[in-house]
Structures are given as structure tokens and as C-alpha cells.
Amino acid sequence: MADNLQMWTDLGMDVDKHDALCQVLPTAFGDVYLSQENRPEGMGFYDFVVADIHGIRPSELIEAQKNGRKVFGTFCVYVPDEVVIAADGIVSGLCGGSQFWVEGGEKVLPKSTCPLIKASVGARLDRTCPFFRIADMYVGETTCDGKKKAYEILGEDVPMYIMDLPQMKREKDIVKWAEEIKDFAAKVEEFTGNKITVEKLNEAIHTINEKRKALARIYETRKSDVIPISGKDALLVMQIAFFDDPARCAEMANKLADECEQRVKDGVSVFPAGTKRIMLTGTPLAIPNWKLHHIIETSGAAVVCEEMCTGTRYFENLVEEDLGSLDEQYMALSKRYMKNNCACFTPNDARIDDIVRLAKEYNVDGVIDTNLKFCCLYDTERRNVERALNEAGIPVLGIETDYADSDAEQLRTRIEAFVEMLG
Amino acid sequence: MGFIGIDIGSTCAKTIVIDENSAIVYKDVCPTGWSSVDTANDIRVRLADAGHVIGEDPCVATGYGRVSIPYADKTITEITCHCAGAIELFGYRDMVVVDIGGQDTKIIEVAGGMVRNFWMNDKCSAGTGRFLEVMANTLSVSPDQLTALAANGSDTSISSMCTVFAESEVISLIGRGESKENIAFAVVDSIVRKVSSQAGRVNMSAQPVVLTGGLCDSEYIRKALSKELGTEVETNPDARYAGAIGAATFAKKIKR
Ligand code: SF4
Ligand code: SF4
């Protein structure tokens, strides 16, 4: 811990303020996570990472920086990690999931901004998160209006590169996104001083595909009647995947998947038989946002799938491998990323189809559609989500919430009532 | 043997005991108060005085304070209990239950005797008993007097749904010399509009609509709501006990 303190000081962090966060996180993690029974052993790695979340990985990143490597901070699953990795750079997710940072964001942002954006900005400006300090460059994207404007504010404090994400998915938009990826690649080459070659990019594409496949394996086991891993644990794996080294992420996820597969074979479930199966859909749950999962899984139900960026949207679909030219590779990347279905696109029927498909694949009893307060994109899209689920005969509960704990009891009543309704 | 249902709402705690034939043999309402421990104890003592001993008679707790009844055999949410209670009271298996509570409003769609869907306003006090209370206070009348006054008012409206802003609107209406009747009318009108906007997605005209909760005694509220929803809203003198009655019916299913 003494080493951490030195590191945080060197990073120019507000150490006193950061202490307040360090004090609450272990209790929260203990209450939410360590209280669970019969967890897979493979979760040990993730527990270990969380226990020193602002220590272990940050010091690895700083070590890498000393060797001349650059760290890119990203905020969205549309930004292609492959390009950065091909230039020997490192990607770290930077989404803030704690109420702790919200206040700092509110100093510069309107109150009516979603908590994810407020927390992300607050974490940077208040200097209370090492990852936000370490990143050499932030990569933003033109997804929602709130983020676009927030990037302007962050850009005053840190080098910022913005990718222009199309808002539709026509052929020409896919071509355009490929061009954006190419431009980004040029920027990454310039910033890292490393050339991106066909071979390097193929390697990077392979690495990230392997990571996606490993995460998908864990999810695959959640489709079974036997629930080998709690929703909370699966969520934690996803949240940490945004920060971790991709090869290690794949290795650890594969280990955990082996164990989950074995559990399915042996009929080992973390929930009693007949526990209601819930899919969560909607806005991302950035670490340490475990609120909904915790309420659901202590209200007699289990989360078996997240149709979220911290869920299926992160690993579904692979990039075509072994292509012979950079242009083809950029196009292949674009095609894969544009298969992602975020509510910032219009029309967005493919997301609705995804939700109905996933609800069936994961054999869910009900869907809880959630959006972060003030995210009007996902809030508006709820109408279509609910309609499609109603037509498919799948019960759905809509929830809007933020990072504060003040509505926890009200949410619990709704969620318990929903679970009671499922029979 | 009796079956006990306790509904700890935000303002009132309701207790019901039913017998084997589901007839109500005991009913009690008291303010929830500050200390849930005290409230829980009071209820237990009063039940014992009436011959219903906790530990012998099965007991189910519901309402937002359900977890603070340590002696309950089971807790069930108010949504499920209101559904069951409304079925007991009104006899329908398909209906819409509108429950205007102290701090929240619930719309429950009941199909085949089960909850099919529900909507809850628990974020703000607009459209709840609390809103009525605040406005009554501003007008220096009791909530009952307010609804009585409203029956004789007309043609005034409050545009803001937020209690805080609505209160200042009421104050400026008073300042303008608007009659109490008209302001009371506007207050009730605001509540029924809020409730009806919440119920926007349920088809009200195709099935019976029933009103439960603390405001069920007001004939004027019932009428205003009927008008706003475009269908005759039914109520029942015991409808404020709907949650507790529902809880008691679930207590019947507890095996000793
Ligand atoms: S929800 Fe949309 S904007 Fe947010 S991270 Fe996901 S894809 Fe990006
Ligand atoms: S949750 Fe919505 S408002 Fe917030 S960053 Fe994502 S898309 Fe934007």
C-alpha cells in the first residue's frame, strides 16, 4: 500500500480525496460479492484485482509507459482496441461507475447529464482515479450528445482524439467507419511512434478475437438451466475485461469458463432450482456499479445475461482474420464494430432483434430494461424494446436509476414485485 | 385461528385479520410514525389484546416498511398484495387497480387473478396522498375538507406536476383571490391527471377499474378520476386495507 501511495502521489492524484473512495470500496465489495455462496474458484483472480484495483493494474501500466509504451483511454465499445494494440499501445476503459465521482462532474456539467458521463469527467478533474491520470491520450467518439460535449471539456485537460461514429448503418456508413478507423490508426502511429503493419494488425485482431471468444464461453454456460456463475460475478468479469491486458483477460476467462462448463456438467448451480432468470438490457454498468445486480440477486432472481456494453455487446461478433492488406483489415474491423447495436443509431431494429433473440437463447423468465438517468437514447428506445418483448410474450420491467443509493429500497420493491409476478 | 396481514405504508400502518372463510374479523389503522420498531410493537400488542397471538396466527407483512416487522412469517410486496386484496374486495379477476398511497401511486393490471403488469410512481409526490396533504396545508384545510371543497370548484388549473412548484402556484392563486373551492378543484384535477398519465398504457375502458389506498373514501376523487379515465371507477369502504387484506390472504397459505 505504501508503494501505491507513492504511485498515486506521483500521478498527481488528490490522495486525501481518493482515500475516501479507498475506504468504502472494500466494504461495498465485501457486502455485494464476498457474501455470495459457492462462487467459482476462478473468481479468485477477479477478487484479487478488485482488492487492489487502483494498485496492481495501474502499476503495470506505469511500468509499460517506462518502456515507452502509450496508454489510450477509451469510453465506448465502438473504439477498436485492435488498432492500438497493433501499434504496441495499451487500451484501458475509462468509464466511471461510482457516485463518488459524480459530484466532481457536476461542477462542470449540467445536472441533467447521465451519471456515467458525470462520473467519468469527475474522476479526471478531481484527480481521484489512477487510470484517468495514467492514460496518455483519451479517445472519444461521437455517440451521444452528452459525451460529445463532455469530451470538449476533458480535451482541455488531456490530449483527446475523437472518432466520428456514423449514426446510421447504411453501406456508406460502414465504409465511412472504416475510413475513421484508418485515420485513427494514423494518429496512433504518430502518437506511439510505431508503424502498424498487416502482420501486427492481424495479430492484434487475433488477440482480441480470442478475448471475445473466451468471454463468450462464460456467457454460453449461463444459458444452461444450471446457473454456474452469478450475474454479479459475470458482470465483474466483464467490467475488469475493459482494464486488463487482453491476453491475460482471455486466459483467465477461459479458466473460469472451463470451471463453469464443468459445473454445468456436474449440475452445480449458485442458485436454488427454479430461481427466476432475468436478462438486463440497456445502458452500460461501469465498475463499481453493481447496484441492480445486487438487488435482483437478493430478491429471489438471478441475472443470466446482460444485453449491454458491459455484456454481450462487448464480445458478440468476431473480426475476420488473416486478411492481406490494411484496407481490408480496416473494413473487416468496421463491419464487426458496426454490428454492435447501441441506441445512438437510428433506426436500431437490430438491437430489438438482439434482445428478443438473447431472451430466448438464455431462456429468461423476464427482462429488466434499465437506463441511466438522463440517458434519453436508451430511455426512448425502451418503447420499442417493451413492445417487441410484449409481442414475444416475455414480461419486462423498465427501470431508470443512477449511481446513488437513495432509490435502492424503491427499486427493491419494484424488482421483488416483478419477480413475484413471474410466478 | 386468524390470518394476519400487516401493510406498513409511508403514512399509515394497516392491520387485518381474516378467518378461515376470509371474513374480516379485525381491522386497525394507525400512523406509521417515526420508529418502525415501535410501530411493529404497537401492532403486536393491539393484536394480542384482540386475541391474535403472533407466533400462533400466521402473519404476512407488506408495504414499504414490510422488512421492519420482524415477527412476520413472510414479506410480500405491496404490488402483489394489492392485487390479491382487490380480488377479495371487488371479486374481479381481470381489472386495473389504481392505488393512491401516501408517497406513491401504483397502477396494477390484473389478468386471470394475477399481476400482469404494474407501474409505480415513487420518484416524486405528484399524484399521491402527500401532494394532497401539502396543498391542503397551504390552503389551511384538512385533506378531507379539500376534496369536499373541490366538488364545488371549477375552471382553475395548476400546470406544474412538481409538488414544490405546484405549491407556489397555489400560493399565487391565493394571492390572486381565487376561491378555495376553485383552488381545491385544481389540486384534485392535478392529481387525477398525473395518475391518468401514469396509466397511459393500460386499456381502462375494457375492464373494471378500482381505486384503493387512503383516498378511496373521497367520493369526489372517485368521480374526478372516473371522468379523467373515461370509465366508472369503483371503490369500497375497506379499499384502504387492500394491501393488508391481500397480505392476510397470503398468510392463509402459510403452513404451520
Ligand atoms: S452505450 Fe453506446 S455510447 Fe455507450 S459505450 Fe455502449 S456503444 Fe458506446
Ligand atoms: S448512458 Fe446514454 S447518455 Fe450516458 S454515455 Fe451512454 S449513451 Fe450517453
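Me: What makes strand 3 and strand 5 the edge strands of the open sheet in chain B?
Reply: In this predicted model, five strands of chain B form an open sheet in the order 3-2-1-4-5, with mixed pairing. Strand 3 (24-31) and strand 5 (74-75) of chain B each pair on one side only, and that makes them the edge strands.

Me: How do you know that strand 4 and strand 5 of chain B pair, and in which sense?
Reply: Two strands count as paired if DSSP finds at least two bridges between them. Strand 4 (residues 59-62) of chain B and strand 5 of chain B have two bridges, in the parallel sense, so they meet that cut-off. V60(B) stands opposite K74(B) of strand 5.

Me: Which helix lies across strand 3 of chain B?
Reply: That is helix 1 (residues 36-49) of chain B, which also lies across strand 1 (3-8) and strand 2 (12-18). Helix 1 of chain B runs at about 150 degrees to strand 3 of chain B.

Me: What makes strand 7 and strand 8 of chain B a pair?
Reply: The cut-off is at least two bridges, and strand 7 (residues 105-111) and strand 8 (residues 114-121) of chain B have seven, in the antiparallel sense. In one of these bridges, T105(B) is partnered by N121(B) in strand 8. The two strands form a hairpin with two residues between them. In the turn, G112(B) has a positive phi of about 60 degrees.

Me: Why is T212(B) called buried?
Reply: Buried means under 20% relative accessible area. T212(B) has 0%, so it counts as buried. T212(B) sits in strand 9 (residues 209-212) of chain B. Beyond its neighbours within four places in sequence, its contacts include H82(B), F90(B), V97(B) and A239(B).

Me: And why is A28(A) called partly exposed?
Reply: The label covers values between the buried limit of under 20% and the exposed limit of over 50%. A28(A) has 28%, so it is partly exposed. A28(A) lies in helix 2 (residues 15-34) of chain A. Between A28(A) and V49(A) there are 15 Å in space, C-alpha to C-alpha, and they are 21 residues apart in sequence.

Me: Why are helix 6 and helix 7 of chain A called roughly perpendicular?
Reply: Angles of 65 to 115 degrees earn that name. Helix 6 (residues 99-106) and helix 7 (residues 115-125) of chain A pack at about 80 degrees, with axes 6 Å apart, and therefore they are roughly perpendicular. Helix 6 brings W101(A) and V102(A), among others, to the contact, while helix 7 brings residues including P115(A) and K118(A). By class, this contact has six nonpolar, three polar and two charged residues.

Me: What makes helix 7 of chain A mostly covered?
Reply: Ten of its eleven residues are buried, among them L116(A), I117(A) and V121(A). The cover includes helix 6, helix 8 (130-134), strand 3 (137-141), helix 9 (145-154) and strand 7 (366-372) of chain A. Just after helix 7, R127(A) takes a positive phi of about 55 degrees.

Me: Why are helix 3 and helix 13 of chain A called oblique?
Reply: Their packing angle is about 135 degrees, with axes 9 Å apart. The limit for roughly antiparallel is over 145, and roughly perpendicular ends at 115, so helix 3 (residues 43-51) and helix 13 (residues 246-266) of chain A are oblique to each other. M43(A), F45(A) and Y46(A) of helix 3 meet residues of helix 13 including R248(A) and L256(A). The contact has seven nonpolar, no polar and one charged residues.

Me: Why do strand 6 and strand 8 of chain A stand at the edges of their sheet?
Reply: Four strands of chain A form an open sheet in the order 6-5-7-8, with parallel pairing. Strand 6 (301-307) and strand 8 (396-401) have a single partner strand each, so one side of each is left without a neighbour in the sheet. The twist averages 30 degrees from one strand to the next.

Me: How do you know that strand 5 and strand 7 of chain A pair?
Reply: They share five bridges in the parallel sense, against a cut-off of at least two. In strand 7, T370(A) is the bridge partner of G282(A).

Note on methods:
Residues numbered from 1 in each chain as written. Chains lettered and ligands numbered in written order. Predicted model: local features only at pLDDT ≥ 70, side-chain atom pairs only at ≥ 80, totals over all residues. Heavy atoms only, no water. Buried < 20%, exposed > 50% of the residue type's maximum accessible area, 1.4 Å probe, protein only. Contact = heavy atoms within 4.5 Å. Axes fitted to C-alpha atoms, helices over the stretch in contact; angles between N-to-C directions. Parallel < 35°, antiparallel > 145°, perpendicular 65-115°, else oblique. Nonpolar A, V, L, I, M, F, W, Y, C, P; charged D, E, K, R; others polar.
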